[in-house]
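User: Please take a close look at the salt bridges of this protein. I should like to know which residues pair, where they lie and how exposed they are.

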Amino acid sequence: MSDEVLMLVREGVAWITINRPASMNAINNAVREGLPRLLDQAQADSAVRVVVVQGAGPKAFCAGADISEFTTVNSLAQDRQRRVHQHWVSGFDRIRKPTIASIHGYCLGGGLEIALSCDIRIGAENALFGFPETGLGILPAAGGTQRASRVLGLGQALDLVLSGERIDAAHALRIGLISRLCSVDALPAQTQALAERLAGKPPLAMEMAKEAVHQGHEMSLTAGLRLEADLQSLLLNTEDRLEAAAAFREKRPPKFTGQ
Ligand code: CO8
């Protein structure tokens with residue numbers, strides 16, 4: 001596989017790095033094909049409890065699609081193939097483990113769509129977010145128009161998508177685009193601490209909590225509450241629930257097995 005997107009598994013955390021720093025980690029074919037493949041690998045690997053996505057180099061998380069590949073108009077056949085084949089960010093919809101975007105520098109276009117596909121976004125003070133797509137004659141079509149409105153609400157999503165303006169990290173925190181903000185220097189350690197905290201929790205509870213929030217968001221309140229109750233019933237039958245309670249009683253750290 002190309003080294004333009006890398007994965008390293010450490011202490012239950014899969015660190016996926018978009019590794020094209022000379023191009024601001026722009027998404028070329030290798031990234032488009034490699035990222036979903038690595039996400040599927042992380043899902044299949046029982047040693048992985050949490051996935052972090054980050055960008056290599058000092059300047060960018062990801063500056064969006066590689067514009068140097070924007071040279072030809074798609075034929076209808078290519079377009080059909082694109083729809084039939086896996087959507088390039090769909091790996092995030094398949095992964096049941098918690099995902100974190102660790103964002104520094106530019107987070108634009110497809111890069112912002114990757115970030116929005118993650119469950120938690122942590123941003124460094126130098127992060128800059130925006131959707132330049134409409135200025136390029138396209139729209140944010142890797143989930144951007146849909147996920148932005150779900151994460152931010154219609155007003156903020158329409159502002160970002162239509163204006164194409166960049167917002168800084170403090171603004172992103174204010175509108176809920178990121179939920180955590182830290183200094184540039186602290187970003188790796190803060191991300192690692194958060195990822196390891198999540199990785200230390202019972203995996204089935206994490207998976208089902210994630211499912212309840214994501215699926216429930218697309219349902220009526222009544223259906224969502226039903227889903228929540230059903231998933232809780234499943235968790236009440238797990239070994240890890242008993243282990244959590246036993247560890248609390250015995251004043252020791254829990255040992256979760258994912259059963
Ligand atoms: N694609 C290709 N190369 C890029 C990209 C990009 N998106 N962004 C930066 N680079 C390259 C530059 O060409 C430059 O290369 P070189 O050194 O060889 O000239 C290098 O990275 C450094 O960039 P700059 O010199 O421009 O650095 P600045 O600090 O002056 O500016 C910016 C950084 C603001 C990030 C600027 O480079 C920029 O505006 N980049 C383009 C951002 C953009 O419009 N992205 C595309 C959005 S559209 C999109 O993402 C659609 C997603 C669709 C899903 C993907 C499937 C196709």
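**Salt bridges and their surroundings**

Analyst: Aspartate 66 is buried in this predicted model, its relative accessible area being 9%. Its salt-bridge partner is arginine 20, and the closest N and O atoms of the two are 2.9 Å apart. Aspartate 66 is found in the loop between β4 (60–62) and α2 (76–84), while arginine 20 belongs to the loop between β2 (13–18) and α1 (29–44), so the bridge ties together parts that are 46 residues apart in sequence. Arginine 20 is likewise buried, with a relative accessible area of 12%. Because the cut-off for buried is under 20% relative accessible area, the values of 9% for aspartate 66 and 12% for arginine 20 both place these residues in that class. The pair does not stand alone: a network of salt bridges links Glu4, Arg20 and Asp66.

A further bridge also starts from the loop between β4 and α2. Glutamate 69 forms a salt bridge with arginine 32, with 3.3 Å between the closest N and O atoms. This pair links distant parts of the chain, since glutamate 69 lies in the loop between β4 and α2 and arginine 32 in helix α1, 37 residues apart. Glutamate 69 counts as partly exposed at 35% relative accessibility, and arginine 32 is also partly exposed, at 26%.

Another bridge has a local setting. Arginine 226 pairs with aspartate 230, the closest N and O atoms being 3.6 Å apart. Both residues belong to helix α10 (residues 221–236), where they are four residues apart, or about one turn of the helix. Arginine 226 is exposed, at 56% relative accessibility, whereas aspartate 230 is partly exposed, at 38%. In total, the structure holds 10 salt bridges, including those described here.

Helix α1, which carries arginine 32, also has a part in the nonpolar interior. The largest nonpolar core comprises 42 residues, and those with the most contacts inside it are Phe61, Ile103, Ile114, Phe129 and Leu177. Helix α1 gives the most to this core, with five residues. Isoleucine 103 touches residues including Phe61, Phe129, Ile178 and Arg121, leaving aside those up to four places away in sequence. Apart from this core lies another, of 14 residues, with Ile100, Ile122, Leu187 and Leu194 among them.

Notes:
Residues numbered from 1 in each chain as written. Predicted model: local features only at pLDDT ≥ 70, side-chain atom pairs only at ≥ 80, totals over all residues. Heavy atoms only, no water. Salt bridge = Lys/Arg side-chain N within 4 Å of Asp/Glu carboxyl O. Helix = DSSP H or I, 4+ residues; strand = E, 2+ residues; numbered from the N terminus. Buried < 20%, exposed > 50% of the residue type's maximum accessible area, 1.4 Å probe, protein only. Core = buried A, V, L, I, M, F, W, Y, C linked by side-chain atoms within 4.5 Å. Contact = heavy atoms within 4.5 Å.
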